[in-house]
Structures are given as structure tokens and as C-alpha cells.
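Subject: Structure handover and findings

Dear colleague,

Please find below the structure that I am passing on to you. I would be grateful if you could look through it alongside the notes that come after it.

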Amino acid sequence: MKQYFYSLLLVLAALCYASCENTETYADMKEKEQDAISRFIAVQGIQVIDEATFKAQGCTTNNAFNQFVFLDRTGVYMQIVRPGCGSMLEDQKTVNLLCRFMEKNILTDSVLVRNDRSTIAYSSTYGYYDTSLFLDKMNVKRNGSVFTASFVSGMMYQYHGSASVPAGWLVPLNYVKVGRPENEGDEVAKVRLIVPHSQGTADASSSVYPCYYEITYEREK
């Protein structure tokens, strides 16, 4: 009987050890995330610059060299493709911004959701529709250098099931203009971002994965 009991204990101990070995900790997931970001940067041939260099260049990135600035406080990497037209979002003012975007999970190298291309989707509200006809709308307020925002409508709201705007989406608003094209040559602001889970969607935060975004910003009429 004792021999059976000790054998059972050994089996349980082995199962417990195996379970512990297979459990991925938060630290493990963060390390995997950082490795994925580093690989993405290398594969895409991205030149990372620091904030001092970014400011010395007039808060611009040299896109001929595929530069992204690493913003230390947030951990976001940002490339300003187009600085935009019009003016920056005014302090203490709330506006609606319209966005086209693409969201890619860097960890799995898969596009999660987008509205920048013609794609047929289905919703209980619209039925079957062309996603490129819908710009995501978010309500944004500026308070100094701090922005708060929520999605009013669009693909991000539908796909992630949350009105919460990823903090990473708001980082560029300190550097780009958010007007509407009115004159020949005017273009809306466009950025590319590498966003860690801590600055991403609720899904990214809970599952610890980084995302790559291409986003345009345009002020609603």
C-alpha cells in the first residue's frame, strides 16, 4: 500500500513539474514580444532613431532611410509618412477624427483588421459591405500633451468589441496635423507605428502581442 502511495506521489509530482514547465509567465510573453519586434525591425530594414535625433530633424523621420523614432516613455516606434495639412488638434478642444488603418499582429505576422482596402465584410447593422467605404471615427480631446479618445464607429470598434482607443494611436497626435484637404497638394496625415501590448488594444494587452499599424488622421467636417 505504501509503495502504491509513493508511486502515486511521484506521478503527481511529475505532472505538476511538467505543468509548471509548460506555463508561460508574463515575463516570458514580454520577452517573446520584444524578440518579435526586434525581428520585425530587422526584416523591414527599419532604422531606429532616438528622440534627440528626431527633434534635431524638426520632429520628422527620414523616410528615405525608413526611419522610425523610438519614443521611450511609451515604447512606441513611429514613422511620420505625411505630417498632414491644416493644424494640430487644439488644446482643450474635442473633435471627431476619421481614420483609415491596417492592424497587423507582429507575433503571428497576420493582418487582424483594416479599412484601407476594398474588403467585403458582414455585420448585423450593415449586412455585407465594402470596408473601404467606412472610415473609423473617434472622438478625441486634447489636454496639453495628453489625449483621451473613444471610438464612435468603425472596424476597430466592431472587431475588438470596445470603444477604447489604443493609447498608441494617440501618440502621433503630438506631432501631426489633423485638417482636411482643401487645396491642391494637401494630404491627410499618415503614420506607421509599432505598438507594444501595453499601448495597444485590450486584446493585445491581455494576450501580450505587439501590433504594426498604418493610420491616416483626418478631421471630420
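The notes below cover the chain as a whole, then its strands, one residue and a pocket.

Overall picture

Please bear in mind that this is a predicted model. The mean pLDDT of the chain is 89, and 84% of the residues score at least 70. Residues 14-20 call for caution: pLDDT stays under 50 there, and the model has 0 contacts for this segment beyond four places in sequence.

The chain holds 6 helices and 11 strands. Of its 221 residues, 40% are buried. Taking contacts between residues at least 6 apart in sequence, 61% join residues that are at least 24 apart.

Strand β4 and its partners

Strand β4 spans residues 94-105, and 9 of these 12 residues are buried, so the strand is largely enclosed by the rest of the structure. Its pairings are as follows.

- With β11, β4 runs antiparallel and is joined by 9 bridges; R100 stands opposite T216 of β11.
- With β8 (residues 136-143), β4 pairs in the antiparallel sense over 6 bridges. Here N96 faces N139, and L98 stands opposite K137.
- With β5 (residues 110-114), β4 pairs in the antiparallel sense over 4 bridges, and N105 has S110 as its bridge partner. The two strands form a hairpin with 4 residues between them, and D109 in the turn has a positive phi of about 55°.

Residue T216

T216 belongs to strand β11, which covers residues 211-219. Is T216 buried or exposed? Its relative accessibility is 15%, and since the cut-off for buried is under 20%, T216 counts as buried. Leaving aside residues up to four places away in sequence, T216 touches R82, L98, C99, R100, V188, A189 and K190. One of these contacts, R100, is also the residue that stands opposite T216 in the pairing of β4 with β11.

Strand β8 and its two faces

β8 has a covered face made up of D136, M138, V140 and R142, while K137, N139, K141 and N143 form the uncovered one. The bridge partners already mentioned, N139 for N96 and K137 for L98, are thus listed on the uncovered face. β8 is also joined to β9 by 7 bridges, and these two strands run antiparallel. V140, from the covered face of β8, stands opposite A149 in β9. The hairpin of β8 and β9 has 2 residues between the strands, and G144 takes a positive phi near 70° in this hairpin.

The largest pocket

Which residues lie nearest the centre of the largest pocket? They are R73, T74, S145, V171 and N174, out of 13 residues that line the pocket. The elements that give two or more residues to this lining are β9 (146-153) and α5 (167-170). The volume of the largest pocket is about 290 Å³. By residue class, the lining divides into 7 nonpolar, 4 polar and 2 charged residues. β9 therefore appears twice in these notes: as an element of the pocket lining and as the antiparallel partner of β8.

With kind regards

Methods: Residues are numbered from 1 along each chain as its sequence is written. This is a predicted model: local features need pLDDT of at least 70, side-chain atom pairs count only at pLDDT 80 or more; totals for chains, interfaces and linings use all residues. Side-chain values use heavy atoms; hydrogens and water are left out. Buried means under 20% relative accessible area, exposed over 50%, partly exposed in between (1.4 Å probe, protein chains only). Contact means heavy atoms within 4.5 Å. pLDDT is the predictor's confidence in each residue, from 0 to 100. Two strands pair if DSSP finds at least two bridges between them. On a 1 Å grid over the protein atoms alone, a cavity is a set of points where a 1.4 Å probe fits but cannot get out, and a pocket is an open set with protein on both sides within 12 Å along at least five of seven lines; lining residues have an atom within 4 Å of a point. Grid points are joined across faces, edges and corners, and a volume is the space filled by probe spheres set on the points. Ala, Val, Leu, Ile, Met, Phe, Trp, Tyr, Cys and Pro count as nonpolar, Asp, Glu, Lys and Arg as charged, and the others, Gly among them, as polar.
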